[in-house]
Amino acid sequence: MPKLGMEPIRRQALVQATIAEIGHVGSLDVTVSRIARRAGVSAALAHHYFGNKERLFLAAMRHILAVYGRSVREALRTAESPRARLDAIIRASFGPENFDDATISAWLNFYVAARLSPEASRLLAIYQRRLRSNLLHALRPLVGPRAAQLAEAIAALIDGLYIRAALAPKAPDATAEIALVRDVIDALIGEAP
């Protein structure tokens, strides 16, 4: 007989195990059995809760996106100027809760999955709209009509740095990535009319 109240705990354990397992392997070439074993539950229970590996992976990405969203909102709370808003978005994007090996591996696989899965594509589009919206809000007072173009460039840079980190043989260096994005922003804003 199932223990009452355990489902949310087990679901969360499976989501965390999915992220960890993808990080360990570096790809979606993991089995539900391995994920379940890492979570300390049976594969049958994992299938019961999520149905299949794709749904489990999508739940893991929803979790990653929720953590990212909370990080950005928290960082933006103390930002008192447009430039401070940009810095807050960049700090959150490369914060320790968002820019670790396992999460970076999950993101790389998410980009690939979005080409094949309508649900993954929808989640990626939501993330991209939110990032672009946050960047636009911060950039408009700084660069006026160029804000949309610069928001696209900065968003592409952030995503590109995640891809590069996923493919690098060494651990990611968030401090270096933050400095790089800030330097690019300074150069882009400096070119503003």
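Me: What does the UniProt annotation "domain: HTH tetR-type" cover?
Reply: That label comes from an unreviewed UniProt entry and covers residues 8–68. Treat it with some care, because UniProt annotations may be inferred rather than shown by experiment. The model here is a predicted one, where local features need pLDDT of at least 70, side-chain atom pairs count only at pLDDT 80 or more, and totals for chains, interfaces and linings use all residues. Residues are numbered from 1 along each chain as its sequence is written, and side-chain values use heavy atoms, with hydrogens and water left out.

Me: How much of the span 8–68 is helix, and how much is strand?
Reply: The span is 82% helix and 0% strand, and its end C-alpha atoms lie 20 Å apart. Helices here are DSSP runs (H or I, at least four residues), as are strands (E, at least two), numbered from the N terminus.

Me: What makes something a cavity and not a pocket?
Reply: On a 1 Å grid over the protein atoms alone, a 1.4 Å probe fits in a cavity but cannot get out, while a pocket is an open set with protein on both sides within 12 Å along at least five of seven lines. A search of the whole structure turns up 1 cavity of 30 Å³ or more. The largest cavity holds about 40 Å³, and the largest pocket has about 200 Å³.

Me: Why is Tyr68 called a lining residue of the largest cavity?
Reply: Lining residues have an atom within 4 Å of a grid point, so Tyr68 counts, along with Trp107, Tyr111, Tyr127, Ile158, Asp159 and Tyr162. H8 (147–167) gives the most to that lining, with 3 residues. Tyr68 and Tyr127 are also among the residues lining the largest pocket, where H4 gives the most, 7 residues.

Me: How do the residues lining the largest pocket divide by class?
Reply: There are 7 nonpolar, 2 polar and 2 charged. Ala, Val, Leu, Ile, Met, Phe, Trp, Tyr, Cys and Pro count as nonpolar, Asp, Glu, Lys and Arg as charged, and the others as polar, so Gly69 lands among the polar ones.

Me: What makes the largest nonpolar core a core?
Reply: A nonpolar core is a set of buried Ala, Val, Leu, Ile, Met, Phe, Trp, Tyr and Cys residues joined through side-chain atoms within 4.5 Å, where buried means under 20% relative accessible area (1.4 Å probe, protein chains only). The largest one has 67 residues, with Phe110 and Trp107 among those with the most contacts inside it. H4 gives the most to this core, with 12 residues.

Technical notes:
Grid points are joined across faces, edges and corners, and a volume is the space filled by probe spheres set on the points. Buried means under 20% relative accessible area, exposed over 50%, partly exposed in between (1.4 Å probe, protein chains only).
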